[in-house]
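Biologist: I'm new to this one and would like a close look at a single part, the place where two helices pack together, along with whatever sits around it. Could you walk me through it slowly?

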Amino acid sequence: MDNIKLLENNSIDFDETILTKEYTSTPSISEFTNDHKSAVLTCIVSGMLLTMPNEARAIEIPRFIASTDNPLVYWENYKRNIDDPISDFLYDVNCIASKKHTKKEIIKEILSFKTLNNNWDGYGAIPLEIESASNAILLIDLLGESIFCSVNEIYPNPNGTISLKWNNASDETLSMEVGNNTLSYYISLSNSKPLFFNNIEINAKEAEKISKYIQML
């Protein structure tokens, strides 16, 4: 935190005319730095290079050194090797935070509940039954992978069924229990009373309705 405060107090600005100024000849890096006060950029690039693994640093440092006589190449190297990778990393983090799952991960999770022992909860619970597991997997295809795999929670129930739950940041929820022959679910939206649907047949028509509810979250 002290380093951040020190940087703020020094008020070092990056002049965006870096990309538009016309030089009569290719400027040296010292001229470029003096004209545009780009010390911050230089420090960022240097710091990122020093924190790279040894193998990567051995490749990137010569590349940056070779570009120091041309500020525009220096900037392009910075964008390609530092700015773009950071953007890609943040994109991956956002995907994880959105709780997206692959079809394979979902099926693996469902099947894992079949291996539970009898009395797995200490109160006489039975493992997930084959038909319930099969129906849950069928729903992936009926709802569409992109819809189903946004599920937030999957868990077994003591009676051999399986529950699935979708919710959003506003605590709006669709909670579903899938059994051997039918499914039941309820949906709670912030602008209406909860809706309950019991003993629903598992087919494409009903899955389409459920899919629309999930997309509302």
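Modeller: Sure, let's start with the whole chain and then zoom in. The protein chain has 9 helices and 5 strands. Keep in mind that this is a predicted model. Reading from the N terminus, the order of elements is α-α-α-α-α-α-α-α-β-β-β-β-β-α. The chain has 217 residues, of which 30% count as buried. Take the contacts with a separation of 6 or more: 48% of them are between residues 24 or more positions apart.

Now for the helix pair. Helix H6 covers residues 103-112 and helix H7 covers residues 130-143; their axes come within 10 Å and cross at roughly 165 degrees. How do the two run relative to each other, then? Angles over 145 degrees count as roughly antiparallel, so H6 and H7 are roughly antiparallel to each other. The crossing of H6 past H7 is right-handed.

Which residues do the touching between H6 and H7? On the H6 side, look for Lys-103, Ile-106, Ile-107, Ile-110 and Leu-111; on the H7 side, they meet Ala-133, Ala-136, Ile-137, Ile-140 and Asp-141. Sorted by class, this contact has 8 nonpolar residues, 2 charged ones and no polar ones.

Stay on H6 for a moment and find Glu-105, which belongs to that helix. Glu-105 has a relative accessibility of 45%, and because partly exposed covers the range between 20% and 50%, that is the label Glu-105 gets. Its side chain reaches back to the backbone nitrogen of Thr-102, at 3.0 Å. Glu-105 also has a partner far along the chain: Cys-149 is 44 residues away in sequence, yet the two C-alpha atoms are 8.9 Å apart in space.

Just after Cys-149 in the numbering comes Ser-150, in the loop between helix H8 (145-148) and S1. Is Ser-150 buried or exposed? With a relative accessible area of 16%, Ser-150 is buried. The side chain of Ser-150 reaches the backbone oxygen of Ile-147 at 2.7 Å.

Next, follow the chain from H6 towards H7. The loop between these helices holds Asn-119, and it also holds Tyr-123. Asn-119 is partly exposed, at 40% relative accessible area. Its backbone deserves a glance too: the phi of Asn-119 is near 65 degrees, a positive value in a residue other than glycine. Why point that out? Most residues other than glycine have a negative phi. Asn-199 is another such case, with a positive phi of about 50 degrees although it is not a glycine. You'll find Asn-199 in strand S5 (residues 195-201), and it is exposed, with a relative accessible area of 60%.

Back in the H6–H7 loop, Tyr-123 is exposed, with a relative accessible area of 77%. Tyr-123 and Pro-158 are 35 residues apart in sequence, but their C-alpha atoms are 8.3 Å apart.

That takes us to the strands. Asn-157 sits in the loop between strand S1 (153-156) and strand S2 (162-167). Asn-157 has a relative accessible area of 12%, and since buried means under 20%, Asn-157 counts as buried. What is Asn-157 in contact with, once its neighbours within four places in sequence are left aside? The partners are Trp-120, Ile-126, Ile-162, Ser-163 and Glu-177. With Ser-163, there is a polar contact of 2.9 Å between the two side chains.

One last stop ties the strands back to H7. Val-178 is in strand S3 (residues 173-178), and at 0% relative accessibility it counts as buried. Setting aside neighbours within four places in sequence, its contacts include Ser-132, Asn-135, Ala-136 and Leu-139. Ala-136 is a residue you have already met, among those of H7 that meet H6. Val-178 is also in contact with Thr-161, Ile-162, Leu-164, Leu-183 and Ile-202. Ile-162 is another shared name, being one of the contacts of Asn-157. Finally, the C-alpha atoms of Val-178 and Glu-131 are separated by 9.4 Å, with their positions 47 residues apart along the chain.

Terms used. Residues are numbered from 1 along each chain as its sequence is written. This is a predicted model: local features need pLDDT of at least 70, side-chain atom pairs count only at pLDDT 80 or more; totals for chains, interfaces and linings use all residues. Side-chain values use heavy atoms; hydrogens and water are left out. Helices (H or I, at least four residues) and strands (E, at least two) are DSSP runs, numbered from the N terminus. Buried means under 20% relative accessible area, exposed over 50%, partly exposed in between (1.4 Å probe, protein chains only). A polar contact is a pair of N or O atoms within 3.5 Å; within protein, one must be able to donate a hydrogen and the other to accept it, and residues adjacent in sequence count only if both atoms are side-chain atoms. Contact means heavy atoms within 4.5 Å. Axes are lines fitted to C-alpha atoms, for helices over the stretch in contact, and angles run from 0 to 180 degrees between N-to-C directions. Angles under 35 degrees count as roughly parallel, over 145 as roughly antiparallel, 65 to 115 as roughly perpendicular and the rest as oblique. A crossing is left-handed if the near helix is turned anticlockwise from the far one by less than a right angle, and right-handed if clockwise. Ala, Val, Leu, Ile, Met, Phe, Trp, Tyr, Cys and Pro count as nonpolar, Asp, Glu, Lys and Arg as charged, and the others, Gly among them, as polar.
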